Amino acid sequence: MASGSSSIGIGGLFENAEVTTSGRPVLRRNEVECFLLSSVDIDSEDDPPRFTALRSGNLILTTHRLIWIPSQSNGAVPSSVPLAAVTHIYSHKKSIKSMFHSPRIRFQANPGSIVVTIVFRGKGDFDEFLTKLWECWRGRAWEEEEKSESETSRSGSGTVAQGLYGNDGTVRMVGLAGILRKEQEQWESTDKSLQDAFQDLNALMSKAKEMVSLAEKMRQKLLSAPSSQNGSTDDEEMGSKEEMQQWMLSVGIISPVTKESAGALYHQELSRQLADFVRIPLEQAGGMISLTDMYYHFNRARGTELISPDDLWQACTLWEKFDVPVMLRKFDSGVMVIQNKSHSDEEVMSRIRMLVTKTETLKVGVTASDAALTLKIAPAMAKEHLLTAETKGLLCRDMSPDGLRFYFNLFPEIDPTNIHIVKDFGTYGEWIKATSLLSV
Amino acid sequence: MQKLADFKLPQFFNYPPYFTLQPVRDTREKQIQLWKELILDYCKSQKIFLIGVEEDFPLFSNSAIDRSLSHEARETFLSAIVGEGRAEWLDKGHRKCLVLWHRIQDWADIILQFVRDNGLEDSVMTVEEIRSGTESLGTELQGIDRTILMRALKLLENKGKLALFKGTSADDEGVKFSV
């Protein structure tokens, strides 16, 4: 039990409750939080009152205690009452009178049989709280600890482990009680790590606020500086302005004067870095890679300092200004890809042509996945290529319940004025051979 | 190659893309041409004058390759034929199409030739006789669609080659030739 005499209760009914720097209660081993209500007062029923009332705080019910934490720093001290000290909880009778008052709970606690009233002035679920209070009080979680503590102190050789606790005092995971216990422990450890995380998050948030206000100040300074129009005095200003930008980039803040300068330095640097990086994934992908795939690769490689999709796209568009061997390309369908400048459409077209004029594919055509496998490129890329080939007249499509397939385009080879004639040369003849050979 | 009744189908009838309306303009133009020729050839050989877009017109599907033309495709191809003057839509909803594998003018010429061949220059005949009488047996006029026949006759009437008159009953329309 925590030490610390209370100046509130007689003989120490209330104890000082330990709280963290952000005002969360420090729970003890195996103690689990069950409920939280705000705007709670704790009053003494006796007249004259046997302890100073606690006004306007958060009441936290745990498996072991009732903890009261003041919501404002009004000099009140976080306090707690162990549930073990509660001797009696008065039943809550609903009456006409109680409908107009704030709900309240009365209980009696030792030492001294002090009657305590908890008044709930807030909007929480009072009934739920009451139910949980009974549960926790009846649950007597503190007794199990005492039991396990006393058991370990016994010399346990020879005694058979009975009940929930083994000879060494650790909880045995047996039966339904064991399962529940295990779940309870897992829940408690999750709760603990969540608490830790929240503490970190709070610290981060306060730092972030500082950073944002700093960035704002910088931004104001840069924007209010006059733009370069006249004379040599402005060169100095321009110099310091650039310095400012560099400095801000180095702390990861994007330049606010992007629109005024010729492409923010951030994007230029990123653009160069990207052009270097892109080389290997591009090779692996067969010369063409979608913008989304590149986004994934690049950010994965960076680890931290991730870039946004917009940054990536801007960086790619800047390539036009530099002499890099890669380019951004947009298909009719809207799909954007990065490809090597040397990677020509002609090359892909000829590979597709070779694929679709094979005997088997003449007969059955190709799907995007077939093409992807043969050409060793991503299926989405393969589809784009097939569509491009269709637009160029190399392929035509076949839509059926089986899906979309592409065939070598025979239409130009067929003479509409003489529909039964098949020319001696040409793929039409090949197709006819293929279909008669392979059909049953 | 396959046959539909006694009609020899061209090889490309088994080419699956033939049954998918092509999105690329140039390819579609070629496809339309092939369908036009096929439909007209087939209708001529089978003496089919009417095509119902939603009905089971044999050319519209090929069970051998498990493909059939979508409604949109059928309408597109038939409309192309209408556009060339070789067919007419009989309703605004484009559900029925009158196929003119001979143009009306051609039919008119055929009728004139028929009249000369049979020495009917000044005679009288019923309209029905023209399409189902003994003289027309084995000729192109046999079984000609009534609508088309009437249009051709009207055309000739306007040219003063004949006169149409009503008979005693509704089906008893007659023609007096003055070729």
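The dialogue below works through aromatic pairs and the contact between chain A and chain B in a predicted model.

Biologist: How many aromatic pairs are there over all chains, and how should I read the geometry of one of them?

Modeller: The count comes to 22 aromatic pairs over all chains. The angle between the ring planes gives the class, and over 60 degrees counts as edge-to-face. A:Trp134 and A:Trp137 are such a case, with 5.8 Å from centre to centre and 75° between the planes. These two residues are three apart in helix H2 (residues 126–139) of chain A, which means that about one helical turn separates A:Trp134 from A:Trp137.

Biologist: Are A:Trp134 and A:Trp137 buried or exposed?

Modeller: A:Trp134 counts as partly exposed because its relative accessibility is 24%, whereas A:Trp137, with a relative accessible area of 12%, is buried.

Biologist: Which parts of chain B does the pair of B:Phe7 and B:Tyr42 link?

Modeller: B:Phe7 and B:Tyr42 are also edge-to-face, at 5.1 Å centre to centre and with 80° between the planes. This pair links distant parts of the chain, since B:Phe7 belongs to strand S2 (residues 7–8) of chain B and B:Tyr42 to helix H1 (residues 25–46) of chain B, 35 residues apart. Both B:Phe7 and B:Tyr42 are buried.

Biologist: Which residues form the aromatic cluster?

Modeller: Pairs can join into a group, and here one aromatic cluster takes in residues of chain A and chain B, among them A:Tyr407, A:Phe411, A:Trp431, B:Phe12, B:Trp35 and B:Phe77.

Biologist: How should I read the contact between the chains, and how many residues does each of them give?

Modeller: One begins with the residues and the area, then turns to the individual contacts. Chain A gives 21 residues and chain B gives 23 residues, while the area buried between chain A and chain B is about 2100 Å², with 69% of it from carbon and sulfur atoms. On the side of chain A, A:Phe411, A:Ile419 and A:His420 supply 33% of the area buried against chain B, more than any other three residues. A:Phe411 is also a member of the aromatic cluster.

Biologist: Which side chains meet in a salt bridge, and which element gives the largest share of the side of chain A that touches chain B?

Modeller: The count between chain A and chain B is one salt bridge, in which the side chains of A:Asp398 and B:Arg67 meet at 2.8 Å, N to O. Six residue pairs are in polar contact across the interface. Helix H12 (379–391), strand S12 (395–400), strand S13 (403–408) and helix H13 (427–438) of chain A each give two or more residues to the side that touches chain B, and the largest share, five residues, comes from S12(A).

Definitions and conventions:
Residues numbered from 1 in each chain as written. Chains lettered and ligands numbered in written order. Predicted model: local features only at pLDDT ≥ 70, side-chain atom pairs only at ≥ 80, totals over all residues. Heavy atoms only, no water. Phe/Tyr/Trp six-rings, centres within 6.5 Å; stacked < 30°, edge-to-face > 60°. Helix = DSSP H or I, 4+ residues; strand = E, 2+ residues; numbered from the N terminus. Buried < 20%, exposed > 50% of the residue type's maximum accessible area, 1.4 Å probe, protein only. Contact = heavy atoms within 4.5 Å. Buried area = accessible area lost by both parts, 1.4 Å probe. Salt bridge = Lys/Arg side-chain N within 4 Å of Asp/Glu carboxyl O. Polar contact = N/O pair within 3.5 Å; in protein donor to acceptor, adjacent residues only side chain to side chain.
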